[in-house]
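I set down here, entry by entry, what I looked up in this model. The notes follow the order in which I checked each point.

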There are 2 protein chains.
Amino acid sequence: MKLMIRYKAIIAYDGTNFSGFQRQINARTVQEELEKTLTKMAGQAIIVHGSGRTDAGVHALGQVIHFDFPHARDLEKMRFALDTQSPEDIAVIKVERVSSEFHARYDVIEKTYEYRLQIQKPRSPFRRHYAAYYAYPLSIEKIEQALPDFLGTHDFTSFCATGSSVEDKVRTVYEASLRYDQENGDLVFTFRGDGFLYKMIRIMVGTLLKIGNDRMPVDAIPKIIAAKNRQLAGPTAHPEGLYLKEVKYAPVSE
Amino acid sequence: MKLMIRYKAIIAYDGTNFSGFQRQINARTVQEELEKTLTKMAGQAIIVHGSGRTDAGVHALGQVIHFDFPHARDLEKMRFALDTQSPEDIAVIKVERVSSEFHARYDVIEKTYEYRLQIQKPRSPFRRHYAAYYAYPLSIEKIEQALPDFLGTHDFTSFCATGSSVEDKVRTVYEASLRYDQENGDLVFTFRGDGFLYKMIRIMVGTLLKIGNDRMPVDAIPKIIAAKNRQLAGPTAHPEGLYLKEVKYAPVSE
């Protein structure tokens, strides 16, 4: 039996034509495409582990994966081969060798997501797969007033899609902010935390849009969090606005 | 016979899934999609005239069209109907009533194009249809040094695709500049002039890339212009980087 070497890679993908990250029957997924490429490169079956799944239509700028590979290879050659042999809607940004203890999912200490939204008329044909669209009046001021209510450590049951099997719904949000990307005309929400529940970011955005559209009071969020009831939060915002931007791990001790 | 009213419209389109602007047999074009929508709206055949054609894969942020329509309609209602009834890769930004003398092609006094280029590794999966990619070393300094050589009034025969039926190849270039769009990681060339020949911008960019890659001297452009020989200029750069940004007309005299 060959000695396997563990690699960590940072990848980006355009989620438009994927049924999400995670392998599933009869659907095109990022995990399966990467596994096909790596299996061809290795000449034996390779399994890819991601930092977490992303849903259909959701994008990644900095998803992290790990996999075990049977040969030691030059890292830039490995990155180049994996990048160019994968479909063009996946890019491989960086490849590193890591200890065989490293796990892309279990070792995460922080994740950052962006949510991009267009509000101008008409909807830009260039952003239709890369930002969500909101056609109704929106008070940016009210959204900015409500955003800090997500900060800190809370039980986010109200912001977790029903059906999630995760038991501990306590998460810590470090950043919840809004900026304007003039070049693309996108409003950009940034959420950074120690982890997020299933569809949590999209439900947070759906709730903020209700507040911005005056269909929910600006101080609603603390009450929704306290109630631990998904029914009280806003709807799940569309997937095309969501980007997994960065995944952080604890520094490796020698 | 009904009195026809002439409308001018500013439209944007994602050129990725079009075989260009101009109507042709057995191909999806912007002109045909707009004509189908307008014909349905009017209940009679409507012809669309554009400021000029764009090639397959080329985008528009501000293409201008005109058409004659049988009813006077509220302009915002007309814009909204045309926008929402057209495919989602076409957006209708503005609709105006114009005199029956106005012609979207013959009355143009100035056009602005952008050409977007990515040079970082790996190629971004998000920009693959929206910016060209150049994988080789490039001196931005040399490109910036060469750009002003396009300014002014010249016979641009060397920068016109062979086969063009236009006889007068003299054009005036008012602006030839380069900036960096940090948000998307694109180098953005801007070219503004009284008009451009067939594939002229893409041949100009192909030539600038040869200069930036040191395969052509930095002072080559005036000599290429003087020679009036397409063979001396660089290759035609890929269509996905090109955007028709703005079309200007003389102010209307009362």
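**Entry 1: Arg128 of chain B at the interface**

I began with a pair that spans the two chains: A:Glu88 and B:Arg128 form a salt bridge, with 3.4 Å between the closest N and O atoms. I note at the outset that the model is predicted. I then looked for further partners of the arginine and found that B:Arg128 also meets A:Asp14 in a salt bridge, at 2.9 Å from N to O. This second pair crosses between chains, from the loop between β1 (5–13) and α1 (30–42) of chain A, which holds A:Asp14, to the loop between β5 (108–118) and β6 (132–133) of chain B, which holds B:Arg128.

I asked myself whether these two side chains are buried or exposed. A:Asp14 has a relative accessible area of 1% and is therefore buried. B:Arg128 has 10% and is likewise buried, because the cut-off for buried is under 20%.

**Entry 2: The interface as a whole**

I next recorded the totals for the contact between the chains. Chain A contributes 29 residues and chain B contributes 29 residues. About 2000 Å² is buried between chain B and chain A, and 59% of this lies on carbon and sulfur atoms. Which three residues supply more of the area that chain B buries against chain A than any other three? I find B:Phe126, B:Arg128 and B:Glu183, which supply 33% of that area.

For the polar side of the interface I counted eight salt bridges across chain B and chain A. I also counted nine residue pairs in polar contact between chain B and chain A, both residues being at pLDDT 80 or more. I then listed the elements of chain B that give two or more residues to the side touching chain A: β1 (5–13), β3 (59–69), α2 (75–85), β4 (90–97) and β8 (170–181). The most comes from β4(B), with four residues. By class, that side of chain B divides into 13 nonpolar, four polar and twelve charged residues.

**Entry 3: Other salt bridges**

I counted 50 salt bridges over all chains of the structure. One of the pairs that I examined is A:Glu183 with B:Arg179, whose closest N and O atoms are 3.0 Å apart. A:Glu183 lies in the loop between β8 and β9 of chain A and B:Arg179 in strand β8 of chain B, so this pair joins two chains. Both residues count as partly exposed: A:Glu183 at 32% relative accessibility, and B:Arg179 at 33%. I also traced one network of salt bridges that share partners, which joins A:Glu114, A:Arg116, A:Arg127, A:Arg179, A:Asp181, A:Asp186, A:Lys245 and B:Glu183.

Within chain A, I noted that the side chains of A:Arg192 and A:Glu175 meet in a salt bridge at 3.2 Å, N to O. A:Arg192 is in strand β9 (residues 186–193) and A:Glu175 in strand β8 (residues 170–181) of chain A, so the pair ties together parts that are 17 residues apart in sequence. A:Arg192 counts as partly exposed at 24% relative accessibility, and A:Glu175 counts as partly exposed at 25%.

**Entry 4: Tyr113 of chain A**

I turned to the record: UniProt, in an unreviewed entry, places the feature "binding site" at A:Tyr113. I located A:Tyr113 in strand β5 (residues 108–118) of chain A. A:Tyr113 counts as buried, at 9% relative accessibility. Which residues does A:Tyr113 contact, apart from its neighbours within four places in sequence? I list A:Phe189, A:Thr190, A:Phe191, A:Phe196, A:Ile201, A:Leu242, A:Tyr243, A:Leu244 and A:Lys245.

**Entry 5: Phe191 of chain B**

I placed B:Phe191 in strand β9 (residues 186–193) of chain B. B:Phe191 is buried, with a relative accessible area of 0%. Beyond its neighbours within four places in sequence, B:Phe191 has contacts that include B:Tyr113, B:Leu147, B:Phe150, B:Glu175, B:Phe196, B:Ile201 and B:Met204. I also checked B:Val58, which is 133 residues away along the chain: its C-alpha atom and that of B:Phe191 are separated by 15 Å.

**Entry 6: Annotated domain of chain A**

Lastly, I looked up the feature "domain: Pseudouridine synthase I TruA alpha/beta", which the unreviewed UniProt entry places at residues 9–107 and 149–249 of chain A. I find 24% helix and 26% strand over residues 9–107, with the end C-alpha atoms 14 Å apart. Residues 149–249 are 21% helix and 32% strand, and their end C-alpha atoms lie 26 Å apart.

Technical notes: Residues are numbered from 1 along each chain as its sequence is written. Chains are lettered from A and ligands numbered from 1 in the order in which they are written. This is a predicted model: local features need pLDDT of at least 70, side-chain atom pairs count only at pLDDT 80 or more; totals for chains, interfaces and linings use all residues. Side-chain values use heavy atoms; hydrogens and water are left out. UniProt positions are given in the numbering used here, feature names are shortened, and annotations may be inferred rather than shown by experiment. Buried means under 20% relative accessible area, exposed over 50%, partly exposed in between (1.4 Å probe, protein chains only). Contact means heavy atoms within 4.5 Å. Buried area is the accessible area (1.4 Å probe) that two parts lose on being put together, summed over both. A salt bridge is a side-chain nitrogen of Lys or Arg within 4 Å of a carboxyl oxygen of Asp or Glu. A polar contact is a pair of N or O atoms within 3.5 Å; within protein, one must be able to donate a hydrogen and the other to accept it, and residues adjacent in sequence count only if both atoms are side-chain atoms. Ala, Val, Leu, Ile, Met, Phe, Trp, Tyr, Cys and Pro count as nonpolar, Asp, Glu, Lys and Arg as charged, and the others, Gly among them, as polar.
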